[in-house]
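Reader: I'd like a close look at a single part of this one, please. Pick a strand, take me through its partners, and then show me how the rest of the chain looks around it.

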Amino acid sequence: MSTSSGSGYRLFENVRLDARNTFGVAARAPLLVEVSNTTALPELFGYAMLRDAPLLVLGGGSNLLFAGDPQGAVLALTAQQICIVEEDSSHAIVRADAGVIWHDFVLWTLGRGLCGLENLALIPGTVGAAPIQNIGAYGVEVRACIHVVEAFDRQCGGVVRLVAADCAFAYRDSCFKHDPDRYVVTAVEFALSRNAAAILSYAGIGEELAAMGVTQAPRATQVAEAVIRIRRRKLPDPAVLGNAGSFFKNPIVPTAVATSLLQEHPALPVFRATDDGNRKLSAAWLIDQCGFKGHRDGDAGVSSEHALVLVNHGHASGLQLLELARRIAAAVFARFGVPIEPEPRIIGARW
Ligand code: EPU
């Protein structure tokens, strides 16, 4: 039941958020605002309770951990439109509202013969959340396809359109992540192609395609199918076992550090980082080596399929999951001297 409503929005007080976060942990919002039409945002942010309070914009709740209740207002954008803004025989600009479910959007684009997002199939969450942490998987980051991010800027009180170059995209990072109280992403425009070559560089994709009987020039839909099969096998389904995907980012260290770690641990997976002076290490491998895969502290645990994924076996609190995460990071640091940091946003506590 809504407590009150206006044109394009509804307000709810004292709302449980358990079903709105994929860890499935208990939390309550003092105020939840469901926005169906983003033209309501200027009016909403005119009210003191929204203008002056900390803000949490909730998408699919798949990249956050409630270690406590959010203190200010929680905003959920529910608009679901997708449209082609412009197109020619080789490209299209597609616009999607922030509330569209990411995987549905990927399937929508593939269904229209557009490629670019196939490696990002089955990532949980919404379109609006995708640019915030620059979602990535299987050799592709979403920034490669982002044309414009449209957002309500609380600082200027109006809508801004940021081209990709202005979003400070980096590995699991963007300007939106750095300034979470400032922007409410309302829609994203993607530049997609009708005939780009598939990106098959990530280990496992080629093997999966071969297992599917696809041996040459795979279509984007086939790459998406391969990604879906790998993800279903490796990553627990949040609908079955509460989780937020990778809980830790892969640490980026100076190349000299990676080289010296490799001398001692030749099996450590090391990947290229965006600049040559650095390397990205596999956090999953480091955690696995510390013996945490499949580990449980009560209902807070680590997936037995993937060491990067923290799971809620039933009734873990957000704080219990956070304590386990801190223990894991401390063990990795003690053993390898490498700090690892959480990927999800942590609400109600500091890392
Ligand atoms: N590994 C282990 N133990 C494990 C799992 C993996 O030692 O339990 C090692 C393996 O050697 C493997 C390597 O770690 O080759 C890398 O594993 P994986 O291919 O699963 O990738 P990842 O680096 O652990 C990243 C993203 C995932 C994304 C996959 C595939 C981050 C933090 N995670 O995981 O993204 O799906 O690559 O591209 O960058 C997410 O962000 O929520 C997420 C799931």
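Author: Before we talk about partners, one definition: two strands pair if DSSP finds at least two bridges between them. Keep in mind too that this is a predicted model.

Let's take strand β8, residues 91–97. Of its 7 residues, 5 are buried, so the strand is largely enclosed by the rest of the structure. Buried here means under 20% relative accessible area.

On one hand, β8 pairs with strand β7 (residues 82–87); the two run antiparallel and are joined by 5 bridges. They form a hairpin, with 3 residues between the strands. If you want a place to put your cursor, try E86, whose bridge partner in β8 is I93.

Now stay on I93 and look towards strand β13, residues 183–193. β8 and β13 also pair in the antiparallel sense, this time over 7 bridges. The bridge partner of I93 in β13 is A191. So I93 has a bridge partner in β7, namely E86, and another in β13, namely A191. As background, strands of a sheet pair through backbone hydrogen bonds, either parallel or antiparallel. In a regular strand, the side chains alternate between the two faces of the sheet.

For contrast, have a look at another sheet. This one is open, with 4 strands in the order β14-β20-β19-β18 and antiparallel pairing. β14 (242–246) and β18 (296–297) stand at its edges with a single partner strand each, so one side of each has no neighbour in the sheet. The partner of β14 is β20 (residues 309–312), which runs antiparallel to it and is joined to it by 3 bridges. To find that pairing on screen, go to S246, whose bridge partner in β20 is V309.

Over to strand β21, residues 345–347, where you'll find R345. R345 counts as partly exposed, at 32% relative accessibility. Leaving aside neighbours within four places in sequence, R345 is in contact with L55, L56, N63, L64, L65 and P180. Compare that with R232: it sits 113 residues from R345 along the chain, and their C-alpha atoms are separated by 24 Å.

Two loop residues deserve a stop as well. Y138 lies in the loop between β9 (136–137) and β10 (140–141). Its phi is positive, about 50°, although Y138 is not a glycine. At 9% relative accessibility, Y138 counts as buried. R172 is in the loop between β12 (158–163) and α4 (175–178). R172 isn't a glycine either, and has a positive phi of about 50°. R172 is buried, with a relative accessible area of 12%.

Now zoom out to the whole chain. Its secondary structure comes to 9 helices and 21 strands. The radius of gyration is 21 Å, close to the 20 Å that the globule rule gives for 351 residues, so the chain is as compact as a globular protein of that length. Along the principal axes, the C-alpha atoms fill a box of roughly 60 × 55 × 35 Å. Buried residues make up 50% of the 351. Take the contacts between residues at least 6 apart in sequence: 61% of them join residues at least 24 apart. On the outside, the chain exposes about 16,000 Å², and carbon and sulfur atoms supply 50% of that. As for charge, the mean positions of the 31 positive and 34 negative charges are 3 Å apart.

Terms used
Residues are numbered from 1 along each chain as its sequence is written. This is a predicted model: local features need pLDDT of at least 70, side-chain atom pairs count only at pLDDT 80 or more; totals for chains, interfaces and linings use all residues. Side-chain values use heavy atoms; hydrogens and water are left out. The radius of gyration is taken over C-alpha atoms; the globule rule is 2.2 Å times the number of residues to the power 0.38. Buried means under 20% relative accessible area, exposed over 50%, partly exposed in between (1.4 Å probe, protein chains only). Contact means heavy atoms within 4.5 Å. Accessible areas come from the Shrake-Rupley method with a 1.4 Å probe; for residues, only the protein chains shown count as cover. Lys and Arg count as positive and Asp and Glu as negative; His and the chain ends are not counted. The place of a charge is taken as NZ of Lys, CZ of Arg, CG of Asp or CD of Glu.
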